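Me: I should like a close look at one part of this model, chosen at your discretion. Please give the account as one connected answer, and add the wider context where it is useful.

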Amino acid sequence: MKINKLKTLPIILMLLVTLLILVPQVNESNALPGEFTDIRDGYKGHLIRVYNHETMSFTTSEASHVLHGWVGLTKQELKDLEPFEVKVYLDGIEIELDNCKEKVGLGQDKTYNVWFYQTFETNYFTPGIYNWTVVWSDVTGEVWYQSHPLTVLTDPHRIGVFAHDSMIISSNERSYVKHGWTGLTDEDITNLEPLNVQVLLDGEEIKLYSIKEEKGENIYDVLFYQYFDAGYFAPGVYNWTVVWSDVTGEVWCGSYPLIVLNDPHRIKVWNDPGSMTITTSERSYIRHGWSWSPEDIEDVSFYEELPYNVQLYIDDQEIDLYQKLEIIYDEFDNPTSYLWLFYYYFDNGYFAPGVYNWTVVWSVGSETYLTLQHPLTVLEDPHRLNLYASTGGVNEESLIITTSERSYIRHGWSWSPEDIEDVSFYEGSFDFELYIDDQEIDLFQKLETDYDEYGNPTRYRLLFYQNFDANYFAPGIYDITGVWSSLLESLTHSHPLVVLRESHRLSLFNPQSLTITALERSYIQHGIGFSPEHINEPGFYDEMPYDVQLFIGVDEIDLYQKLEIDYDEYGNPVYYRYLFYQNFDAYYFEPGHYFLTMRWTDVNGVVQYEITETLTVLEDGHRLNMFRPDTLGIFNSKSSFIRHGWGFSSDNFGNEEFYDSIPYEVYMDIDGYEIELDQKLEIVYDEFGDPSNYYLWFYHVFEEYHFLPGMYEVTFGWYEGDGDFYEKTETLYVYSDGLPSNLDVSIDYSHGMAVAEHEAVFLEKNLIACGSNFFIIDGSFSIQPETDVLLISASTTDFSTGELDDIYNWFYDIGPRLLWVAGDSDYDGQFDPIYNNEILSTIGSRLRLSSDAVMDDVRNDGMPYRVAVNYPFSDGALNSIFTTGVSSIIMHGPSNVLGYIDGAVIDLVYNDYLDGIEIIMASSMYSYAVNQDGSPNILDYYSSYGILGIYPMIVIEDFGDNKYVIVSGEAIFSDYKNMYGLTTAAGIWNNGFHDGKILVDNILSWFGTLVP
C-alpha cells in the first residue's frame, strides 16, 4: 500500500470523523434529486457499513444499501485529492456503485461530501455469509481497506397485533414488527402527513425505523418497522399496543398480550442429531410436512398427488399425529406459502430416561417417500428443590441432595387463557426471589404453555427458575429462602438445604463405578420408573419387577424397598420410582475382589435378567488424627488423610444454637504451607434407610509419595460460629520403608555430642516404624548386649579405659557388628577428634578423623562450609551398594578421613594398597582444607601441605567375620542440621534436595542382610 503521509493524515482523521457523524451529516445535508436522495433520507432500508460490525447482519426480506465516501472536504482538498474512488467486492466480484458530490454549508464554511452508494432490494441476497470488501483510494493511492463477513439471515417471525396467532412466539425466535400504509398516492401523502406508527411494550415505546417504498408509478407504501433478535424477549406475557396516527390524529389502536414461550425442544430426525437428546423434564415436539406456494395450490395436478402422510414410531409403537395447515403471510397479509404439517407435543415427563428407537416415515399416496431412523436419548432430570408442598409445608426430602446431583428450583404462578384476557390480570406484579445463605441467586423466567390435542393453549405457567450443576454445592448445610410477592400477597419460606458428600454408587451397569476404597461408604440401587398414568394401565403390575436380589459371591444381601415420588410445583406427583437398595458403611468391605450379582424376577418368580460384575475394594489411606499424636507417623509409600469434624442428630436441623456451634472456618498448614480442605456431610442410616446421625467433616487426602520422608510441623485450627478460636500443632513423621526390621541400633549421647539429642529422633522413629530397635546411651556408658550397630558421633569428652574396653569387647563379640564413628570439623576450633580417634585406635582401625575443616567454594549449599559431596570415589563392592540412588549429600561443617599406620598419615586417595578399606564418598576437586583451630598437628594433613581436593569423606574398613567400621567427617545420621533427611539447610544445592537419608538407609539395609 502506497500512502502519501502528509496528504493522508487529514483524510484518515476525516475517516474517523465519518464513523461518528456519518448519519447526522447525511440527514442534515441539502437534498439532491434522484436515487441518492432516497438513500440519504433512509428510504432504502438497512445501511451496510463495513466499519460497524452490527450493520453487517440483516435478513433476506430487508431492503439494504451501501454508502461510503469522504466528509467535510474543503474545495482545495477536493481538488488535491481527486480522483476519488470507492470499490465494493462481494465474494471477490465487484459491485457497481453510483457516486455524487454534495455541498454542505454556506460561504466560508462550505465543505464537500463525496459519496459512492448502491441499493439492494428485498431478497437481493440469499441467506448465507459473504466476504464483503471495501477499498477507498484517491490521488495518493490506496487510503483505506476493510474486509468483513456479511451475514444474511432467514426472515424472522412477524408480530401482527391484528393476527392473534402471530402474538405467540418463542424466546429463541427472531421476530419483527411492521405496520403502515400501502398504496398511497402523492396526494394521499400530502393530505395525511405526518404519518406515524407507535409500538408500546408494557407501556414503554419501542423505537421504530421508517421506509418509503415506491410500488408503482405514483404509488407508495409507508412502513414503520423494528427487528428483535433471538433472546430479545425473556419468556413471559407482555402488553403489546400499536397506535396508528396521521394528520387527523389517532386512526387505529390495538392492544393484545404478547406471549413469549420457553421454546419446547424440537426433535428433528433428519439433520440435527443434537435435537435427539433431551431430558425427561423437557417439553418437546415433532413437526414434519410439505410446503407449497399459492401457485402450486392453483395447479389442478397438485390435488392429484394427495394424500400426503407422515407416521411416527417410537420403539415400533405408532404415535397418533395431529395435522394442520399453516399459512405464512407477507407484510400485506397475502399468503406466500402453505405448510401441511403433522405434529405432536410431548409434555415434560412423557419419556422415562433411556434410549428409544425413533422412526419417521413419509409417504405420498400408497408409496413410501422417505424413512428416517435415529436413537432418541432421554436423560434423567436434575433433582427438584422444593421449598413447599401442596399442603403449604416444606418438602424436606427434596432439600437433601448429594454433591454429584444436578438440581434445580422452580416456582411461579399458573393461569388459564381466560385469565390472560382479563385486563385486571396485567395489574398484578409477580416476583420470586431466592436466597442461599443470604446471597441472592439470579433467577431466569419463562412462560410454559400446555396444549390440547389440537395445539390450542390450555394453561400458562409463569415460572422463576435456576439450575445447579453437579458439584455446584460443596458439602454442608445452607439456609435456603424463597420470597414470593405480588400486589395481592407476599410469602416467605426458609429451610435448611442439606448437601451430602455423594456416597459411592455401585452400578453393575457401569463397571467403572465398581472400584472403591475400604473406607468409602457405598450403596446399590436399582428399580423401575413410571408415570402416574402407567399405574392404571392394564398389565402394568405384571411388568414391574416382583423382586430384585443382590448376591456378593454366593451370599444374598437383604435389600430395602422404597417408593420415590417427584412432585410438580403444585405438589402433584408426576413420576414414581420403585427402588431396591442397600447402604454399605465404611469398612463394610475388606480390601479385595468380590463378585456382585444382581438378579431380577417377575411376578411368577421367573428370572428376567441377571448380571455379574467384579467389585474391587482398595486399601485405605492412613488416618492422621491431630488429637492422637501417635497416628502422626506414616510411611510415604502409603496414602493418608486427615479428618476432623462434628457429629449431630437430625434434631439439630433448624436449631439456631446448633448452627452457631458449627465451625465456619477450618484451616490446616504443613510447614507454613496452607492445605486446602474439602468438606463432606456423612450420614449414618438405620435399618430402614432413614438418616439417624450426621457428621460434618473437614478433610484432605494425600496420595502415595505425596511426602518426602522427614519431619513436618502440622497446624490445624478452626473458628466456631460463636467466635471461639482453637489451634493445635503437632509433628508429622513421614518414614520410608527402606530400613531393615531386624537391627538393634544404639547411639551414644553420654560423651557430650556436639549436637542436640532430638536431631537423631527421625532416624530412631524410622527404624522403630520398620521393626528394628533403637537404644539411647545416656548418663553412664553401657552398650545393650543385643546391639548390632553402634553410632558414636563427634564426642567432646574422653572415654575411660573401661568404656573403651566395653567397645572393644562388644565389637569382637560373636555376631555381625557395625561401628560408625563420625566427627565434625574444627570450625572456629570447636571440635577435636582426639576422643573419637581413641576408639579407632582401641579396636585396631587403620582410619582416623582429621582435624581439618573442609570447604568448597563451588559445590555447596549456599556457603563453603556446607559441602556438597557428590563424588562416589570407586566402583567397589560396598561403594556400589551404598551409593545406589545417591547423587550427592550435604555435610555441614565436616572434616575428612585419613589412613594411619604406625604413626604415619596415609592419603587414601592416592594409596589404595590398604586391603579392606574402601572410600564410599569423597569431596570434589574444588574442595580445600583449613586449619581453623590454629594448632597444627599430624592430623591437619591436607591443610598443612596445601593439598586441594579430592578428600575422603566417608570410608569403610572390613575387619573380617562381618565386622565393619565406618568413619565419616560428619555425623550425617544425627547432625544438628538433621542431615538424615532429603532436604538441605539453605535450599540452594540441587533445588534444596540431597540424598543423605538414602545413603544411611542403604548402609543399614545392607548390614541388616548380615544379621541373623
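Reply: Met925 sits in the loop that runs between strand 65 (917-922) and strand 66 (927-930). The model is a predicted one, and every value quoted here is computed from it. Met925 has a relative accessibility of 56% and therefore counts as exposed, the threshold for that class being over 50%. Together with Val858 and Tyr926, Met925 forms a nonpolar surface patch of about 310 Å².

From this surface site the account turns to buried residues, beginning with helix 12 (801-811). The buried residues in helix 12 are Glu803, Leu804, Ile807, Trp810 and Phe811. Because they span an arc of only 125° around the axis, they are placed on the same side of helix 12. Among the elements that cover these buried residues are strand 57, strand 58, helix 13, strand 67 and strand 68.

Helix 13 (residues 834-842) can be described in parallel terms; its buried residues include Asn836, Asn837, Ile839 and Leu840. Viewed down the axis of helix 13, the buried residues lie within an arc of 150°, and therefore line one face of the helix. Their cover includes strand 57 (789-793), helix 12, strand 58 (817-822), strand 59 (847-849) and strand 68 (963-968). Helix 12 is thus listed among the elements covering helix 13, and helix 13 is listed among those covering helix 12. Strand 57, strand 58 and strand 68 appear in the cover of helix 12 and also in that of helix 13. Just after helix 13, Gly844 adopts a positive phi of about 85°.

Which aromatic pair ties helix 12 to strand 67? Rings are paired here when their centres lie within 6.5 Å, and the count for the model comes to 60 aromatic pairs. One of them joins Trp362 and Tyr369: the ring centres are 6.3 Å apart and the planes meet at 25°, so this pair is stacked. The partners differ in burial class, because Trp362 is buried at 15% relative accessibility, whereas Tyr369 is exposed at 55%. The pair asked about is that of Phe811 and Phe959, whose ring centres are 5.2 Å apart with planes at 80°, so its geometry is edge-to-face. Phe811 belongs to helix 12 and Phe959 to strand 67, so this pair ties together parts that are 148 residues apart in sequence. Phe811 has a relative accessible area of 0% and is buried; Phe959, at 26%, is partly exposed. Strand 67 is also named among the elements covering the buried side of helix 12. Elsewhere, ring pairs link Tyr322, Tyr343, Tyr344, Phe346, Tyr350, Phe351, Tyr356 and Trp358 into a cluster.

Strand 67 also leads to a point of backbone geometry. Ile950 is located in the loop between helix 15 (941-944) and strand 67 (952-960). The peptide bond from Gly949 to Ile950 is cis, with omega near 25°. A further cis peptide bond joins Glu82 and Pro83, with omega at about 0°. Pro83 is placed in the loop between helix 3 (75-81) and strand 4 (85-90).

On the other side of strand 4, the loop between that strand and strand 5 (93-95) holds Asp91. The phi of Asp91 is near 55°, a positive value in a residue other than glycine. Asp91 is partly exposed, since its relative accessibility is 46%.

Asp315 can be set beside Asp91. Asp315 occupies the loop between strand 22 (308-314) and strand 23 (317-319). Its phi is near 50°, again a positive value in a residue other than glycine. With a relative accessible area of 40%, Asp315 is likewise partly exposed.

A last site concerns a contrast between sequence separation and spatial separation. His148 is part of strand 9 (residues 141-153). At 15% relative accessibility, His148 counts as buried, because that class comprises residues under 20%. His148 and Tyr51 are 97 residues apart along the chain, while their C-alpha atoms are separated by 8.5 Å.

Technical notes
Residues numbered from 1 in each chain as written. Predicted model: local features only at pLDDT ≥ 70, side-chain atom pairs only at ≥ 80, totals over all residues. Heavy atoms only, no water. Patch = residues over 30% accessible without salt bridge, like charges linked within 9 Å, V, L, I, M, F, W, Y side chains within 5 Å. Areas by Shrake-Rupley, 256 points an atom, 1.4 Å probe, with all protein chains shown as cover. Salt bridge = Lys/Arg side-chain N within 4 Å of Asp/Glu carboxyl O. Helix = DSSP H or I, 4+ residues; strand = E, 2+ residues; numbered from the N terminus. Buried < 20%, exposed > 50% of the residue type's maximum accessible area, 1.4 Å probe, protein only. Arc of directions from axis to C-beta. Contact = heavy atoms within 4.5 Å. Phe/Tyr/Trp six-rings, centres within 6.5 Å; stacked < 30°, edge-to-face > 60°.
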